[in-house]
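Q: Hi! Could you walk me through this model? I'll throw short questions at you as we go.

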Amino acid sequence: MSKTMCLIDASKCMGCRGCQAACKQWNQLPAENTTFTGSYENPPRLSSTTWMRIKFREHENENGGVDWLMSKQGCMHCTDAACMLACPAGAIYRTEFGTVNVDEVKCIGCNYCAATCPYTVIGFDRLANKARKCTFCLDRLAADLKPACANACPTGSITFGRSDELIEKAARRVEQLKAKGKTEARIYGLDEVGGTAMLYVLADKPEKYGFPADPHVPIQTRVWNAIYAPFRVFVVIAVALGLWANRSYSKKVEEGKNKTT
Amino acid sequence: MQLTRRSFLKLTGAAAATATLAGMGLNTASASAAYPLRIKYTKEVPTICTYCGVGCGIICSVRDGVIVNAEGDPDHPINEGTLCSKGSSIFNVSYIYEEKGKPIVNPKRLTKVLYRAPGASDYEEKDWDWALDEIAKRIKDTRDRTLVETVDVGGRQVTVNRTNAINWLGSAWCTGEENYLFHKMARAMGVINIDHCARL
Amino acid sequence: MTNHWNDYQHSDVIMAIGGNTAENHPISMKWIEKARETKGAKLICVDPRLCRTAAVSDIFVPIRPGTNIAYLGGLINYILENEKYHREYVENYTNAPYLINENFSFDENTGLFTGAEDDPVRSATKYDMTDWQYQTDADGNILKDTTLEDPNCSFQLLKKHYSKYTISNISKMTGAPEDTLRDSYEVFSSTGEAGKAGNILYAMGITQFTHGAQNTRAIAIIQLLLGNMGIAGGGVNAQRGQSNVQGATDMAILYHIIPGYNPTPQQTHATLEDYLAATTPEKNWWSNRPKYIVSLLKAFYGDNATDANDYGYEWLPKLDGLDHSHIPAYKYMRDGEVEGMICVADNPLVGGSSSRAKLHYQKNLKWLVSVDVVENETAAFWKGPGMNPAEIDTEVFILPAAFSYEKEGEKANSGRWIQWMWKAQEPPGDAKSDLWIVNEMFKRLKALYEAEGGVVPEQITKMHWDYDGVGGEIDIVKVCMELNGYRVADGSLLTNFVGLADDGSTACGNWLYSGYYNNLENPATKKRIKEKEGIGFNRDWAFAWPLNRRVVYNRASCDLEGKPWNPDVPVIWYDEAEQRWVGNDVPDIPGSWDFEYATENPFIMNPEGVGKLFSIGYQGVGGLRDGPMPTHYEPADSPVPNLLYPQATFNPCSQRFYEDHTVETDEDRQKYPHIATSYRLVEHYQSGSVTRNQPWLNEMMPEMFAEISEEHADELGINNGDYILIESKRLQSSDDGEQGNIKVKACVTKRIKPMLINGELKHLVGMPMHWGFMGMNTGASANDLTPSVGDANTTIPEYKAFLCNVRRAD
């Protein structure tokens, strides 16, 4: 597990989305064209230009009331990172901060990482043909600054610090929530996928927030990794050629369509 | 100007003690070469968020006279660096990122004096001199025709110097100095219909 | 705000009522969370919807829009019945023991106080307040009963008035379950114990009603009863919705006041002497008014203001006794009386009530000047929905303005902190700061009158106006100096308002700002020293009016001996050894007052010197038009009869300007059966003119919507995200014959529930107010539906409670 992490205490999230805007602001990401679909949650999913967002979920609770649960969704920076295993180009690597990053130069745009991610957090930039996701604000970490989301969060729902201290803090918070009657309160991300550098305190079951209850690296990904690892160079060339051929074909089809219309 | 100039490259306050990476034996020096900070070598200008009444501090990072980043001021006692979605997006008022991620000037910002003539279906671009003179003429024309100088109050002639023909709507967007002068100007014109967002 | 943002960390219980603080003042939650973390504080959210604040609250009390007085009156009753009040505080620091005239009474049938009579000018009720007075002895001293048992003392009158506000009644009126009401009352009234702090914070969900001022009065009564005024973590905290709405109010961008909360002269005040005689009490703070007014006139008219000419008093416009706030001002426009409008960074065609009607009234303007950073709806009205530009003769001047970080100046936050903003970049193109614009506008106007003469040109030409700096720019320091105040003889800056005089020797644009720019080198407003240890008052950060005081009425934070009620967070205390007041804050006690006088007068702004449970005008200060005690009246658009007072409906003193404008008949009630309320979202700001042009915010909140319950959606046969049409009496009665509704997307949510009001289920419809027809992100305006009826005292429109009908859009 990494030495530093973000603790995301979902029970303190009020959905102001300061983090969501701060992420775009710092990382210079363009806005998406969205529509209102019946929830405050927007954009509807993470993408190459939306690296984190706040999920809003409503549930009736046992007391006859309604819980409106909000929490941050973004790359978890897993210890057991499926994307790293899936990437045939070796473009996804673990940084010196213990986070998971995509090396854009090496990325060949095969999108396997996005397909295998148990949290569906990786976006695909079609213009540049690259996978993109949360970088944990590597440039800020390198300059001894907090990640933009943690820096913006008003309530202390997202905090950045030493892993050992934050794990302890998370445990205390869970006890506090349980004492307040939140019997399903728990830490999420300590055991899941080998531990995540985005550790959560949830006041309810993960599914209630829209998290997978049991995230894991797909078995196919592990098998695939075992097979291709010794032959990485060939695999990369083959996949790259395949993609190129596919894109050229698609382009021709597209052009053909344009001609007929 | 008495500013406690602070470099962004230092985390401030209690958080720094535990969160600083160098303090944990991580080699941030090599990392900072690999991942250069985009606001390095910028001038930091403190401002106050223009939205709600909390009055959060924001630091604008300025390079060559242009804001390149705007985020919470960690030295500000109220927000201590934090901001909501509006505050975090304040950069967008001036610049937006087009699809490929290139910053462009927000196309909705007004950059010219505009004039719409009676019955016209569009604006004409004008210069300040023309507009200021024309506005003065409109104010004078309306005021001179409508100013009530005196009224009879219980048999006594009272000087009232007011006009009900001009509305003045001001705003909480404006600074105190601006609003003070707006108030002076409105009262000098004899205006009594004055209001702003405290009621609106 | 009587307190300030950082001070929330000291609260034991925080009640957010009529203010969605997590959404509209998100950073407040930083300090609320701190209080919860460090001292186990509880957050109570009282709101019609399960809003973002409710989502993170400990107790959520859902109440019907427009029933705040019922809810708060229930709390007053709970406090009194269960003896939860702070006895020593109530007896000594409030007017609880003061005896009220025996003729005073309240009719529980009509819901009217003694002295009600018809007001033919407003076709409403007004009060003859002769009997709303204190009993006095022959020398004019107010009679008191410190046992609080006399039936005519304020305390007993309060007890009697609120005895009907039982939990069972309140539940029927508000729709909130009895258990939830009881829980919230019990938790909040626990702060009546000495040393405990209860904080009530509110916003427009308290003020924007026909009884808005009385809502705030109810809050004040509760905070006085529980001894929560003047202490750290307590207070009546109006959370200002805009960065400088506090400051714009201080500077009186309002018809009824001139800078520093001084009333605008009326035509009945023929001379300065008349004005001062009518507005200056014998005792306490406002007895200083002549110093503030003469200094203000010296700032306005400079050398032209002399003792001989009443300091230029005749040039100040005098009011005609009528209302000149924006609702009637637009009516005057409709009637053709108003022909010109200067609109500075304001957008009433989205932010104003009955905005669709206003769109049409603007056709009567000959000219319109709009100063803004974008082309807003008010400026673009001539191409708005249903408009034919060829038929509109209005000349429109749009002046491009600088955004906040493109100019410098001061803004006052809710906690009265006057903070300086430095300029980060130049505005784009030809855009200029409002300061430059007002300077140039006025100079041209003055030059025109000097050249051509005109009607009473002196009113303009005698105004002191000398702010030019170098290179065609305005010198802001000159404005700051005038606001701060200076000695006329040598131009030297005043340290604070204590130095102001009424003999023309000082000039000061706003006495409250005196001290904010106390020197040129390092003026107080520019101070940036964050507190390292202390109780979060940050006295070296910026300047808080008045006198850099962070908590007003802080004498009340101590007991009769001058010892803090809560020694853990002492605001001030009396130092016996030094024989003076000291502490973490600037004592709210004039230096000339001795210990006894200060103890008898902790509420220094009131001539009585104490807080008012029973609120009446005394020596020309205070008092409300619509009664000395808050009383439950229904909103103007009401779905049900007034349960407490059978013959009463809405506030009889409310400000009404249009006929057939609100829902008053059963027929209309059937036509518009649903309760509606409007509000803000964190992702947008006010009329949205700026935020709807920010792609990051549009991405999060891309479209106008209305929130309805699942039950309501089932009845309508619609799905989440479908379009619906919303109608109200206003669209029916507007001049626009075309579209009698607004079309919006439905947000079908569990967070809104049908409300059980006196046995009847009513649907609630919630709408954000940010959309209009201009900009990157356009949509229907909720304010097309809201009524132009005003609060009895302030004429703020009733945006927060009205009736509507909803149909599916096929």
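Q: Which domains does the assignment give for chain C?
A: The assignment for chain C lists domain 1 (5–238), domain 2 (326–416 + 424–459) and domain 3 (655–808). Those bounds come from an automatic or database domain assignment. This is a predicted model, so local features need pLDDT of at least 70 and side-chain atom pairs count only at pLDDT 80 or more, while totals for chains, interfaces and linings use all residues. Residues are numbered from 1 along each chain as its sequence is written, and chains are lettered from A and ligands numbered from 1 in the order in which they are written.

Q: What separates the centres of domain 1 and domain 2 of chain C?
A: Taken over C-alpha atoms, the centres of domain 1 of chain C and domain 2 of chain C are 39 Å apart.

Q: OK, helices. At what angle do α4 and α8 of chain C cross?
A: Roughly 60°, with the axes of α4 (residues 68–81) and α8 (residues 178–189) of chain C coming within 10 Å. Helices here are DSSP runs of H or I with at least four residues, strands are runs of E with at least two, and both are numbered from the N terminus. Axes are lines fitted to C-alpha atoms, for helices over the stretch in contact, and angles run from 0 to 180 degrees between N-to-C directions.

Q: And what does that make α4(C) and α8(C) to each other?
A: They are therefore oblique to each other. Under 35 degrees counts as roughly parallel, over 145 as roughly antiparallel, 65 to 115 as roughly perpendicular, and the rest as oblique.

Q: Which residues meet there, α4(C) against α8(C)?
A: Gly74(C), Leu75(C), Tyr78(C) and Ile79(C) of α4(C) meet Leu181(C), Tyr185(C), Phe188(C) and Ser189(C) of α8(C). Contact means that the C-beta atoms, placed from the backbone, lie within 7 Å. By class, this contact of α4(C) with α8(C) has six nonpolar, two polar and no charged residues. For the classes, Ala, Val, Leu, Ile, Met, Phe, Trp, Tyr, Cys and Pro count as nonpolar, Asp, Glu, Lys and Arg as charged, and the others, Gly among them, as polar.

Q: Let's move to the interfaces. How many residues do chain B and chain C put into their contact?
A: Chain B brings 110 residues and chain C brings 142 residues. On the side of chain B that touches chain C, helix α4 (residues 128–146) of chain B gives the most, with 13 residues. That side of chain B divides into 58 nonpolar, 31 polar and 21 charged residues.

Q: Which strands join chain B to chain C, and how do they run?
A: Strand β9 (residues 156–169) of chain B and strand β12 (residues 340–344) of chain C run parallel, joined by four bridges. Asn167(B) has Met341(C) as its bridge partner in β12(C). Two strands pair if DSSP finds at least two bridges between them.

Q: Anything helical across that boundary? At what angle do α5 of chain B and α19 of chain C pack?
A: At about 75°: α5 (residues 176–188) of chain B and α19 (residues 476–484) of chain C have their axes 10 Å apart. That makes α5(B) roughly perpendicular to α19(C). Gly176(B), Glu177(B), Tyr180(B) and Leu181(B) in α5(B) meet Ile476(C), Val479(C), Cys480(C) and Leu483(C) in α19(C).

Q: Now the sheet with β15 of chain C. In what order do the strands come?
A: β15-β16-β19 (chain C), an open sheet of three strands with antiparallel pairing. Its edge strands are β15 (409–412) and β19 (543–544) of chain C, and each pairs on one side only. Four bridges join β15(C) to β16 (residues 417–421) of chain C, and Glu410(C) has Trp420(C) as its bridge partner in β16(C). α5(B) packs on this sheet, touching β15 and β16 of chain C, and its direction makes about 90° with that of β15(C).

Q: What about chain B with chain A, how many residues touch?
A: 34 residues of chain B are in contact with 31 residues of chain A. By class, the side of chain B that touches chain A has 16 nonpolar, 13 polar and five charged residues.

Q: Last one, backbone oddities. Which peptide bonds are cis?
A: Asn42(A) to Pro43(A) is cis, with omega near -5°. Trp545(C) to Pro546(C) is cis too, with omega near -5°, and Pro546(C) lies in the loop between β19 and β20 (572–575) of chain C. Also, Tyr41(B) has a positive phi of about 60° although it is not a glycine. Most residues other than glycine have a negative phi, and most peptide bonds are trans.

Conventions:
Contact = placed C-beta atoms within 7 Å.
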